[in-house]
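Okay, thanks for coming, everyone. Let me put the structure up, and then I'll walk you through a handful of places in it.

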Amino acid sequence: MTEIIQSLVDGVALGSLYALAALGIGLVFGVMRLINFAYGELITAAAYTLLLTKGLPVTFRILLAVAVTVALSLIMEFVFRPLRVATPATMLITTFAISFLLQNVAVLWFGTQGESIGFLAFLNRAFEVGGIRIRWITLVSIVVGGVFLATIAFLLDRTDIGLQMRAAAADFRTARLLGVRATRVIVFAFILSGALAAVVGMMLAVQRPLATPTFGFFVVIPALVGVVVGGLDRLLSATIGGFVIGFVTVMLSDLLPSDGRVFLNSVLFGLVIIVLLVKPNGLFIRGLATGERL
Amino acid sequence: MSIRRAWELIGPALLVVGVALVGSVTSGSMEFQFRVVLVTASLVVALHVFVGNSGVISFGHVSFVALGAMSAGLATTPVEIKSRSMSELFPVLADLQLSNLESLGLAAVLGGAYAFVVGVPIMRLSGLQAGIATFAVIIITNNVFRNWDRIGSAARALGPIPETTGFVQATVGLLLAIVVAYFYQATRHARMLRAAREDPAAAQSSGVNIYRQRLLAFTISGAMAGLSGGLLAHLFGSITTEVVFLDLTFITLAMLVVGGIGSLWGAVVGALSIAGLNSFLAEAEREVTLVGLDLDLPSGTRLVVLGIIMAAVLLFRPSGLTSGRELSWPLARRGRTAPGG
């Protein structure tokens, strides 16, 4: 029983991390129809910022990490402007090219070896409740994840700009015709999504304290899969999709026999294919959404 | 066949022969780089057969390359080496011994068969869903090859594989890919598929079975990708699962998009230019003399420069270098360009 609860707790922790990344991807997709592969490099940038500020006060490091990712996210927004009229294929490959470029800049700058970040490492200590060991970072992940999801839900639900973002996500052209300023909404989405990248980067930096050029890339891949599996057309479904991927990953790795654990990815992505076949518009989208079904 | 139509085949083929001729007079590592370019281009042409005609992005094609490379490699690695270093292999694989050409045939057949099996469910999907599903295929393929030591060398390098992909084999392989792509493009199957790319609803209501046409293109393209994999294994002389994974997936897709999705000419131009640039930069990292100018780049610059150029082309010329058009007959009257694909 305690083992099951332990798995559940770990699953929720990884799930909330992926959910935040999925939300970051979903926010931008909503207003621009752009899947940003380079989102991982924002997370990586947060990690490297923490690395370069090693030894400085924690608050300063946190603020600087957020500033760097938001700035980088804004630069990306500017660079991606020509893509607003491009075909989905070109968009996808271009953001990948940017991701590839940034990863290799990191390789050139820092090398592939990976360096220890040293950020709030004490959060990796665990405390025990009724036989279940919970690391502080698990608790922090869940709380921070919850707080940010709630904050963004509030922003989208209760503020003007949030309303405009939702309108743009639902039907960009009509929203523009009704006076929603496209660039403003897109810029705002990139700011939020950049800030989220910093949060994800910081929480990851505690758990996997090695800054490498692919630090964020391997978080964004499952998050992105989660976004599509959950359902791209709505922010909530995309976020839940991210959560589910993280949760299921942990569940599977605890369920699989020890010699089968290396095939975790095969099982996980096999499930992804099945879900896509059964519910191509997303697990958490009810009925037929706008997407064509051919 | 009018000269204008034939030119769409002859033009790319001439370019390839030209590149091969230039390459064949070089030597050493430069010569090797030219062969890498030719084999990579054959993979991009394979990718074009599906992606160009259907308009659906496939992240999964390197799975077929991987299967082709691993099977061709395994079939030509000496039996005594296999029994020594890969003791867990299934007996049938441990005893398998094929010639160079047979192993390439095997790679193509397996690539096509795998694409068909995977395509049966996945070709029902469109757009991003199809993209993610094919992405799942490459992840699974890599995961299995990397960890299952009964079908290969798992995480270690497979080899030594006879290095039989010389200039002739690399060039013939690419020309074969171009010919297959050209003749497939001219069939009514490909026409129906392109109709579905332009307007799925209209195509469907004119009686096009989109699923079937996609599956056919995916299978042909998978067989071609398998063959490229075989060529690749015989080029490098050893192969690891990392070589045929995400980097190759994205770089070949980028070549296709840089050239211009939708035309064979675009696939060939994109592949030759980006792969050529890649190879040139790889040489430049080891110092190269270009028109009396000594170039010596710090290692690692190659991928950064490549990334910048790819991103720049995609951002400022999103329809690619050729705008997705076929090569038009140079003596045609001005202002008449054949519409692409």
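Let's start at a single residue, A:R33. A:R33 is partly exposed, because 16 other C-beta atoms lie within 10 Å, and the cut-offs are 20 or more for buried and 12 or fewer for exposed. Keep in mind that what's on the screen is a predicted model. Where does A:R33 sit? In the loop that runs between α1 (2-32) and α2 (39-52) of chain A. What made me pick this residue is its backbone: phi of A:R33 is near 55°, so to speak a positive value in a residue that isn't glycine. For background, most residues other than glycine have a negative phi.

Chain B has a residue of that kind too. B:A154 isn't a glycine, yet its phi is positive, at about 50°. You'll find B:A154 in the loop between α7 and α8 of chain B. As for burial, B:A154 has 18 other C-beta atoms within 10 Å, which makes it partly exposed.

Now let's zoom out to chain A as a whole. How many helices and strands does chain A have? Eleven helices and four strands. The C-alpha trace of chain A spans about 60 × 45 × 35 Å along its principal axes. Its radius of gyration is 19 Å, and that agrees with the value near 19 Å for a compact globule of 294 residues. Of those 294 residues in chain A, 50% are buried. And if you take the contacts in chain A with a separation of 6 or more, 76% of them involve residues 24 or more positions apart.

Next, the strands of chain A. Strand β2 (residues 126-129) of chain A pairs with strand β3 (residues 132-135) of chain A, in the antiparallel sense, over four bridges. If you want to trace the pairing on screen, A:A126 stands opposite A:R135 in β3(A), and A:V129 stands opposite A:I132 in β3(A). β2(A) and β3(A) make a hairpin with two residues between them. In that turn, A:G130 has a positive phi of about 50°.

Let me stay with A:I132 for a moment, in strand β3 of chain A. Is A:I132 buried or exposed? Partly exposed, because it has 17 other C-beta atoms within 10 Å. Leaving out residues up to four places away in sequence, A:I132 touches A:T2, A:I5, A:Q6 and A:V9. For a sense of distance, A:I132 and A:G226 are 94 residues apart along the chain, and their C-alpha atoms are separated by 28 Å.

Over to chain B. Its secondary structure comes to 14 helices and two strands. The radius of gyration of chain B is 20 Å, close to the 20 Å that the globule rule gives for 341 residues, so chain B is as compact as a globular protein of that length. Its C-alpha trace spans about 65 × 55 × 35 Å along the principal axes. Buried residues make up 55% of the 341 in chain B. Among contacts between residues at least 6 apart in sequence in chain B, 80% join residues at least 24 apart.

One helix pair in chain B deserves a look. The axes of helix α8 (residues 167-186) of chain B and helix α11 (residues 210-236) of chain B come within 11 Å and cross at roughly 175°. That makes α8(B) roughly antiparallel to α11(B). From α8(B), the contact uses B:Q169, B:A170, B:G173, B:A177, B:V180 and B:Y184. From α11(B), it uses B:I220, B:M224, B:L227, B:L231 and B:L235. By type, the residues of this contact are nine nonpolar, two polar and no charged.

Just past there is B:T240, in the loop between α11 and α12 of chain B. B:T240 is partly exposed, with 18 other C-beta atoms within 10 Å. B:T240 and B:M70 are 170 residues apart in sequence and 8.6 Å apart in space, C-alpha to C-alpha.

Last stop, where the two chains meet. The contact takes 37 residues from chain B and 36 residues from chain A. On the chain B side, α6 (100-122), α7 (127-147), α12 (246-259) and α14 (301-316) each supply at least two residues. Which helix gives the most to that side? α7(B), with twelve residues. The chain B residues that touch chain A divide into 27 nonpolar, nine polar and one charged.

That's my tour, so over to you.

Note on methods:
Residues are numbered from 1 along each chain as its sequence is written. Chains are lettered from A and ligands numbered from 1 in the order in which they are written. This is a predicted model: local features need pLDDT of at least 70, side-chain atom pairs count only at pLDDT 80 or more; totals for chains, interfaces and linings use all residues. The radius of gyration is taken over C-alpha atoms; the globule rule is 2.2 Å times the number of residues to the power 0.38. Two residues are in contact if their C-beta atoms, placed from the backbone, lie within 7 Å. Two strands pair if DSSP finds at least two bridges between them. Ala, Val, Leu, Ile, Met, Phe, Trp, Tyr, Cys and Pro count as nonpolar, Asp, Glu, Lys and Arg as charged, and the others, Gly among them, as polar. Axes are lines fitted to C-alpha atoms, for helices over the stretch in contact, and angles run from 0 to 180 degrees between N-to-C directions. Angles under 35 degrees count as roughly parallel, over 145 as roughly antiparallel, 65 to 115 as roughly perpendicular and the rest as oblique.
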